[in-house]
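This briefing introduces a single protein chain to a reader who has not met it before. Please keep the sequence and the model in view while reading the points below.

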Amino acid sequence: MSSRIAIYPGTFDPVTNGHLDIIRRAASLVDRLVIGVSTNAGKGPLFSIEERIALMKSEVAALDLPAGNGIVEIRAFDTLLMHFAESVGARMILRGLRAVSDFEYEFQMAGMNARLNPGVETVFLMASESQQFISSRLVKEIGRLGGDITSFVSPLVAARLADKFAQERGESAKPARRGAVLDRG
Ligand code: ADP
């Protein structure tokens with residue numbers, strides 16, 4: 001049987017515990033999991049592609065996946081998703097599904113991708129109950145306002161976010177505030 005190769009594409013700006021949960025579960029299902037980090041200039045990411053790749057590498061290494069799991073590799077891509085899937089020989093595009101709000105976009109994208117290449121299946125993993133509210137966008141919003149993001153991202157990602165927000169405020173880098181609540185003022 002040919003090996004099962006899947007890609008897990010995303011912006012990962014930055015990688016959250018929700019993404020890592022999907023990666024950990026997906027790695028046990030396939031022979032090779034290619035995490036495709038989209039350059040996605042259109043979304044105006046906070047972290048550069050190099051930073052997002054470096055963070056993802058550290059986070060995946062820290063997962064310490066058990067032997068017998070698929071090989072996990074991380075690559076940048078700036079092409080059409082289906083072209084990227086074809087270039088790595090993937091038969092599967094993996095996506096995480098959170099609440100109903102993810103559904104419509106994902107449904108459309110899966111449908112369009114199926115038209116582009118019916119030989120590549122889009123497969124969805126439901127977000128774990130404890131991670132389903134986490135989104136990179138909200139992590140950034142909460143972190144920027146000084147809220148506690150430590151249950152959504154790793155300590156490394158929290159520290160990098162704190163550096164970014166300090167830079168935005170024109171300060172030199174300083175450690176993340178802990179235990180602060182969202183300041184709506
Ligand atoms: P994109 O810009 O492609 O949506 P993201 O980095 O936001 O990239 O997300 C990548 C994938 O991970 C998407 O399939 C998204 O639905 C999924 N995802 C994001 N957050 C979570 C989470 N908390 N639990 C499960 N899946 C998630």
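Read along the sequence, the protein of this predicted model follows the pattern β-α-β-α-β-α-β-α-β-α-α. In all, the protein has six helices and five strands.

**Overall form**

- A compact globule of 185 residues would have a radius of gyration near 16 Å, and the value of 17 Å for the protein agrees with this.
- The C-alpha trace spans about 55 × 35 × 30 Å along the principal axes of the protein.
- Of the 185 residues, 29% are buried.
- Among contacts with a separation of 6 or more, 74% join residues that are 24 or more positions apart.

**Helix 2**

- Helix 2 comprises the 15 residues 49–63; at 1.5 Å a residue it should span 21 Å, and its end C-alpha atoms are indeed 21 Å apart.
- The buried residues in helix 2 are Arg-52, Leu-55, Met-56, Glu-59 and Val-60.
- Seen down the helix axis, the buried residues of helix 2 fall within an arc of 130°, so they line one face of the helix.
- In general, an α-helix has 3.6 residues a turn, so residues three or four places apart point the same way.
- Glu-50, Ala-61 and Ala-62 are exposed on the other side of helix 2.
- The cover over the buried residues of helix 2 includes helix 1 (17–27), strand 2 (32–38), strand 3 (71–77) and helix 6 (155–168).

**Helix 5**

- In helix 5 (residues 136–144), the buried residues are Ser-136, Val-139 and Gly-143.
- These residues cover an arc of only 60° around the axis, which puts them on the same side of helix 5.
- Helix 6 is what the buried residues of helix 5 pack against.
- Gly-146, just after helix 5, takes a positive phi of about 85°.

**Ligand surroundings**

- Of the 17 residues around the ligand, those that come nearest are Gly-10, Gly-18, Arg-95, Gly-96 and Ala-127.
- At least two residues of the shell around the ligand come from helix 1, and at least two from strand 4 (92–97).
- With three residues, helix 1 gives the most to this shell.
- The shell around the ligand consists of four nonpolar, 10 polar and three charged residues.

**Backbone features in the loops**

- Most residues other than glycine have a negative phi, and most peptide bonds are trans.
- Phe-12, in the loop between strand 1 and helix 1, has a phi near 50°, a positive value in a residue other than glycine.
- Phe-12 counts as buried because it has 24 C-beta neighbours inside 10 Å.
- Pro-14 lies in the loop between strand 1 (5–10) and helix 1, and the peptide bond from Asp-13 to Pro-14 is cis, with omega near 0°.
- Asp-64, in the loop between helix 2 and strand 3, also has a positive phi, near 50°.
- Asp-64 counts as exposed because it has 7 C-beta neighbours inside 10 Å.

**The loop at Gly-119**

- Gly-119 belongs to the loop between helix 4 (100–116) and strand 5 (121–126).
- Because Gly-119 has 9 C-beta neighbours inside 10 Å, Gly-119 counts as exposed.
- Although Gly-119 and Arg-91 are 28 residues apart along the chain, their C-alpha atoms are separated by 6.6 Å.

Methods. Residues are numbered from 1 along each chain as its sequence is written. This is a predicted model: local features need pLDDT of at least 70, side-chain atom pairs count only at pLDDT 80 or more; totals for chains, interfaces and linings use all residues. Helices (H or I, at least four residues) and strands (E, at least two) are DSSP runs, numbered from the N terminus. The expected span of a helix is 1.5 Å times one less than its number of residues. A residue is buried if 20 or more other C-beta atoms lie within 10 Å of its own, exposed if 12 or fewer, and partly exposed in between; C-beta atoms are placed from the backbone. The arc is that of the directions from the helix axis to the C-beta atoms. Two residues are in contact if their C-beta atoms, placed from the backbone, lie within 7 Å. A residue is near a molecule or strand if its C-beta atom, placed from the backbone, lies within 6 Å of it. Ala, Val, Leu, Ile, Met, Phe, Trp, Tyr, Cys and Pro count as nonpolar, Asp, Glu, Lys and Arg as charged, and the others, Gly among them, as polar. The radius of gyration is taken over C-alpha atoms; the globule rule is 2.2 Å times the number of residues to the power 0.38.
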